[in-house]
Amino acid sequence: MKHRMVVLVALVLAYGAVPLLLGSMDYVMSLIIAALTIGGVALAWALLGNLGGLVSFGHAAFFGVGAYTSAILVVDHHWPVLLAMVAGGVGAAVASVATMPALRLRGPYFALAILAYGHIFRILAVEATSLTGGAAGMLSIPGFPTLLGINLASKTGAYALILTIVLLFAWLYGLIRRSTYGLALRAMHDSELATRVVGVPSTHLKAAMLVISAFMTGVVGAFNAHQINFLDPEYAFASSWTVLPIAAAIFGGYRTVWGPVLGALVVFLVDQLVFKELMPSGHQLVFGVLLGGMVILGPHGLLPLLGRWSKKEASHAGA
Amino acid sequence: MLELDAITMRFGGLTALHAMSLSVAEGETLGLVGPNGAGKTTLFNVISGVYAPSGGTIRFGGQDVGALPQWKRAQVGIGRTFQIPQPMRELTVRENLRVAQRFGAGKEDPAALDEILDLLGLTHKQHADAATSLALTEQKALEVGKALAVRPRLLMLDEVLGGLEMATKRAFARTLETVRARFGLTMVIIEHDIETIKALCPRVVVLNFGQLIADGTPEAVFNDPQVIRSYTGDTPA
Amino acid sequence: MLELILQALYSGLLAGGYYAMIALGLALVFGTMRIINLAHGELVLLAAYVAFEMERSFGWTPLASIPVALVVVGLTALVIYLLIGRIRQDRELNSLILTFGIAIVLTNLILMIWSADIRSTSNSWFMDGVVLGDTLFSMRGEVIFCVIGVLLLAATYWWLNHTWQGRALRAVASNRDAAKLMGVNPARIEALSFLVSGVLATFAGVAVYTASVVFPAVGHNLTIKAFVITVLAGMGSVPGVLLGAVLIGVGETLTTTLAKPSLQELTGMVIFLLILFLRPSGLFGRKGMVKK
């Protein structure tokens, strides 16, 4: 009951208070939209990391494929934007099927094989000039439509759209996590033999998580393409789309549903508002320090750390 | 129900099972005994699909299951336990059984889980963490519970009574008998304690050096000179 | 056409010399610690920028800056080693994230100190053409560093097989516990492998600066290349590393000649994936990368 109240208040604040208070500040809204975009990818990355037990260094691949699929469908085939975004997710999911042979590799090799796929997809995007416009990219990609009287192309509209996407994904993630599929996936990390012997097709389940994670990433990539109305291979497959979500997910705690999203908001906003001002070039250094620091100081991310501290405080207070 | 024909298992230069043939009839309870290293656990691993045998065929319920992956063997009705309990970490006792039931038996059935928990005396621990908060007997019970939740036709128990005190062991053996009758199971039991074997198993087979050296009633088998020799350490002729 | 192909083979062979230096450093650390150091390419890059700084500030030839680069890169490698030592659980994956983070830090530090401009040696002696048998062209720097690369590889090979430390390192790589029983301290051997990896990275970095060009993003590509070669070699065989490096070098130059330069990177990636899927123990190795 208390939990529900918290969620309700958070929803009202997210959909109501944020646009009302900040809606007029274009720059701040752009930052929040970008942070949520990264949060969406971070959520997808964490789903694969937490439930699939797979660390990926190549989510930029799915981001780029989603962005290009959607942009090409809208520009060349005049699909409606929102439908094309879903197709972008499907495109990324199909691309993830190509990466499936990597599932039989052990952890670090999987991570790096996916990275290789990212490079391959980027090169293909450059080479397939007739489809993608090559290195020059695609200009004036149509933006979002007006839906139910809300102009989604406005800053506030785009914010509401990406917020809805992220919330839907978080809900889906939570649903999977609580199901027997989620239980089996969580158990697989430490006890793969124990799960297989009771009939869990562990490789199939991991593959399913890979497809879902790629789909989510592709939808977010498509959102980004229609929001900034421009694409080129260097941008769409940039390593930032891998680095930032990993930093966000690890900072926020990738074993929880909300950690990656909160992590993205904190990490990205602090980076843009503080560190970018302090050091205009090279401020991404902070992400490196963050990743290294989290691994050494708290391998489960920030949220569990906070939990531990608050528990400690509570026990102090009780004593 | 289970027919093994000329099963051979080699690990590099070591042959753990030598062209072994064995059949187990429906409803039978078979005791599997033999000295350490005789190949008993290897046989379980081959039947349940942990290892692919180097040669031979495995038929279960008339179907050749030799090519099925491990998880599918569970789904066709082969349940097993491990000598060292393998709980699914991070999950509670009940969640362990839920996963086994959902994937092994194909659908969730809370009432059936309640019954298994009750039969094995785990009801009061069903929400406890499976990896950290169980006593040895409870860990063994959970091991059996996971195998039962799969709704097996064949249940293979690998020293599930090992390491237990005599009184606990007798009680657990009675539980196994109840479970067998309740679910109409065919069972194969690896066990070192001869009294327990005699109490549970009308038929016993003895393995030594990866070969089947005796097959019969407990009385006949345990008086066989070759079996006695195998336990005193002589190599087979 | 034949001439072009021969030229491509020759250039690829020369590139293989310094690719091998880069890859062997990564492979050594992987062998002893089971850790893929994703900051390895940045170590190479750091050496290149030290050479650049010495040349710009004091007019030193790149070869003279090697001792300075050795100190800088060696110390950085040790810091990475010490940081990895702080990891408490799941070292295989956490070290990947940690060294990934270190790579980002180093790239951005280089960006801040030396900017994003493309740098290369201005020493014309290294850029003079050397013509082999009338037709095969190369720069003097390429030849010199290919020879240095092969010599260093041979020296490392000899060191691994004929010195006490080298044998201890191989012992740790093949069986840690047995090595302990033999009185080897694995922690010291691991630190040693990082140092040797740093030495190789230093020479490789000065080679890259002299025979090619550098900019901050190059480090990431070098790490990937080194990893690809290591996978080809099958983790931990010195001749395998050399062969893998030559294969990649030749593959890249042939792609440039026969197809187009923009596909060069694709060659390495496709070879990499093919090897991972078809022959996961590498072309010359036995250690598995596939799950049991």
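**Chain C at its contact with chain A, and the sheet of chain B**

In this predicted model, the unreviewed UniProt entry annotates residues 6–28, 35–52, 64–84, 96–116, 136–160, 191–215, 227–251 and 263–282 of chain C as "transmembrane region".

Reader: Over residues 96–116 of chain C, how far apart are the end C-alpha atoms?

Author: The UniProt record lists residues 96–116 of chain C under "transmembrane region". In the model this stretch is 90% helix and 0% strand, and its end C-alpha atoms are apart by 26 Å.

Reader: Which helix gives the most to the side of chain C that touches chain A?

Author: The contact draws 33 residues from chain C and 32 residues from chain A. On the chain C side, at least two residues each come from helix H12 (264–278) and helix H4 (91–114). With 15 residues, the element that gives the most is H4(C).

Reader: Which strands stand at the edges of the open sheet in chain B?

Author: The six strands of this open sheet follow the order S6-S7-S8-S3-S9-S10 (chain B), and their pairing is mixed. Each edge strand has a single partner strand, so one side of it is left without a neighbour in the sheet. The strands in that position are S6 (78–80) and S10 (211–216) of chain B.

Reader: In S7(B), which residue is the bridge partner of Gly79(B)?

Author: S6(B) and strand S7 (residues 154–158) of chain B run parallel and are joined by three bridges. Within S7(B), the residue paired by a bridge with Gly79(B) is Leu155(B).

Methods
Residues numbered from 1 in each chain as written. Chains lettered and ligands numbered in written order. Predicted model: local features only at pLDDT ≥ 70, side-chain atom pairs only at ≥ 80, totals over all residues. Contact = placed C-beta atoms within 7 Å. Helix = DSSP H or I, 4+ residues; strand = E, 2+ residues; numbered from the N terminus. UniProt positions renumbered as here; feature names shortened; annotations may be inferred. Pairing = 2+ DSSP bridges.
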